[in-house]
Amino acid sequence: MHIAGDLIDKHNRATAQARDDDFNALAEYLQRLGVDIQSLTAKAAQFGVAIPSWGVGTGGTRFARFPGIGEPRHVFDKLDDCGVIQQLTQATPTVSLHIPWDDADPSVLREQASSLGLGFDAMNSNTFQNQPDQAHSYKFGSLSHTDIATREQAIEHNIRCIEIGKALGSQALTVWVGDGSNFPGQTHMGQQFDRYLDAMKQVYAALPDHWQMFTEHKMYEPAFYSTVVQDWGSSYLIARELGPKASCLVDLGHHAPNVNIEMIVSRLARFGKLGGFHFNDSKYGDDDLDAGTIDPYRLFLVFNELVDIERQQGDAFKPAYMLDQSHNVTDPIESLMCSAMEVQRAFVQAMLVDREALAAYQADNDALMASQTLKQAFRTNVDPILQCARVQQGGAHDPISAYRESGYRTIVAKDRPQISGSGGGIV
Ligand SMILES: [Mn+2]
């Protein structure tokens, strides 16, 4: 189901004068800096970040989950919600599925997705919880489990995810495991890592040639003492051991407070192992808050590195961008739209950085002016660029307002009974 085109047109007409005025004012300002607003707007329009299918449901904490009205009942409802996010923001052209939560006939999934103007991003395997018909439990791990039959079951599941992904037109597999330990001494950390690597090599061997495989580090949860893929160093080692199709995903939330994530991004890219991102924000740990809500400057600094790397590596540099959040107190569609726009904003702001000036300040060791060069780009309000990029493509000037005007949630709630629980949103 879509938002009525008439409603979006009406909304965009009502905001047209303000949009034009603001765009022209910004164009004038950027012209003084030697920046062409039209090419910047075209780049903003091309920007896309994938929506995780699990993100359109309400998440929860270890304490409770408070479902909202009209939550998606199954993957087809999730695709509808993702379609609305794409329709209004024009910044989220793909969906990332999670197996087995989203198991369904691939041809039907493909048909619905294409009718909504959506494609499929990376496939996500799930070996961190048991399924009803499962022979071996993942309570004590999956790909690194001490029991070979459990490891084989986890390998088989990942290979099945690749098969489903092939039928959907996906080209990547993200492997995230909950494996680790809760007590010192519980596992032999070296042998556990060996078992994980051995299992991952078997999954890697099943990848089609043009596919990529992403590993994602996380310092804690659900294992609270050690995790098998604890940090970016472990993730890098895994990607290097596996081969050229393997690279690292950086989930912004999976770091201790104050960690310099932009430096991690720079390091991984420098050695060809930056696969992509899970965008969200965090105040304390893996809070899975909306992107840019706590520290928009850090998000900008990450994109500052990405734009710099792209300038050096050209089109060969194509990191996978995805959101990964848990929405506990907001409408997930609204949160995902806000996050997609925040990520797009950081990208556009980072393109405003005067790279030549920055390089000169760095060469002169002029720390203050180098920092000011970044700040100047970050302080620029690029809303008019984002608004025009959306409207030019048929999206809404203000997606949140248009969404609220449409009453979408109330309308779908008539067909979607309130549910008490479903897959979480905490990976
Ligand atoms: Mn993640």
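**Exercise 1. Find how strands S5 and S6 pair in this predicted model.**

Step 1. Locate the strands. S5 covers residues 123–125, and S6 covers residues 172–175.

Step 2. Read the pairing. The two strands pair in the parallel sense, over 2 bridges.

Step 3. Pick out a facing pair. Met-123 stands opposite Leu-173 in S6.

**Exercise 2. Place S5 and S6 in their sheet, and state which strands stand at its edges.**

Step 1. Write the strand order. The sheet is open and has 7 strands, in the order S3-S5-S6-S8-S10-S11-S12. The pairing is parallel.

Step 2. Look at the edges. These are S3 (98–99) and S12 (320–323). Each has a single partner strand, so one side of each has no neighbour in the sheet.

**Exercise 3. Describe the pairing of S10 with S11, then decide whether S11 is buried or exposed.**

Step 1. Take the pairing. S10 and S11 run in the parallel sense over 4 bridges. Asp-251 stands opposite His-278 in S11.

Step 2. Count buried residues in S11. A residue is buried if 20 or more other C-beta atoms lie within 10 Å of its own. In S11, 6 of the 6 residues are buried.

Step 3. Conclude. S11 is therefore largely enclosed by the rest of the structure.

**Exercise 4. Name the strands that helices H9 and H11 lie on or touch.**

Step 1. Start with H9, residues 261–270. This helix lies across S10 (246–251) and S11 (274–279). H9 runs at about 170° to S10.

Step 2. Turn to H11. This helix packs on the sheet and touches S11 and S12. The direction of H11 makes about 145° with that of S12.

**Exercise 5. Classify the packing of H10 against H11.**

Step 1. Get the geometry. H10 (residues 296–313) and H11 (residues 332–351) pack at an angle of about 55°. Their axes are 8 Å apart.

Step 2. Classify. That angle makes H10 oblique to H11. The crossing is right-handed.

Step 3. List some of the contacts. From H10 come residues including Leu-299, Phe-300 and Phe-303. Among those they meet in H11 are Ala-346, Phe-347 and Met-351.

Step 4. Sort by class. The contact of H10 with H11 has 10 nonpolar, 2 polar and 1 charged residues.

**Exercise 6. Do the exercise again for H11 and H15.**

Step 1. Get the geometry. The axes of H11 and H15 (residues 399–406) come within 10 Å and cross at roughly 160°.

Step 2. Classify. Angles over 145 degrees count as roughly antiparallel. H11 and H15 are therefore roughly antiparallel to each other. Their crossing is right-handed.

Step 3. Name the residues. H11 supplies Ile-333, Glu-334, Met-337 and Cys-338. H15 supplies Pro-399, Ile-400 and Tyr-403.

Step 4. Sort by class. There are 6 nonpolar, no polar and 1 charged residues in the contact of H11 with H15.

**Exercise 7. Decide whether His-327 and Ile-51 are buried or exposed.**

Step 1. Take His-327, in the loop between S12 and H11. With 23 C-beta neighbours inside 10 Å, His-327 counts as buried.

Step 2. Relate His-327 to Pro-67. They are 260 residues apart in sequence. Their C-alpha atoms are 9.9 Å apart in space.

Step 3. Take Ile-51, in strand S1 (residues 51–52). Ile-51 is buried, with 32 other C-beta atoms within 10 Å.

Step 4. Check the contacts of Ile-51. Residues it touches include Cys-82, Val-95, Leu-323 and Leu-336.

Step 5. Relate Ile-51 to Thr-146. These residues are 95 apart along the chain, and their C-alpha atoms are separated by 34 Å.

Note on methods:
Residues are numbered from 1 along each chain as its sequence is written. This is a predicted model: local features need pLDDT of at least 70, side-chain atom pairs count only at pLDDT 80 or more; totals for chains, interfaces and linings use all residues. Axes are lines fitted to C-alpha atoms, for helices over the stretch in contact, and angles run from 0 to 180 degrees between N-to-C directions. Angles under 35 degrees count as roughly parallel, over 145 as roughly antiparallel, 65 to 115 as roughly perpendicular and the rest as oblique. A crossing is left-handed if the near helix is turned anticlockwise from the far one by less than a right angle, and right-handed if clockwise. Two residues are in contact if their C-beta atoms, placed from the backbone, lie within 7 Å. Ala, Val, Leu, Ile, Met, Phe, Trp, Tyr, Cys and Pro count as nonpolar, Asp, Glu, Lys and Arg as charged, and the others, Gly among them, as polar. Two strands pair if DSSP finds at least two bridges between them. A residue is buried if 20 or more other C-beta atoms lie within 10 Å of its own, exposed if 12 or fewer, and partly exposed in between; C-beta atoms are placed from the backbone. Lists of a residue's contacts leave out its neighbours within four places in sequence.
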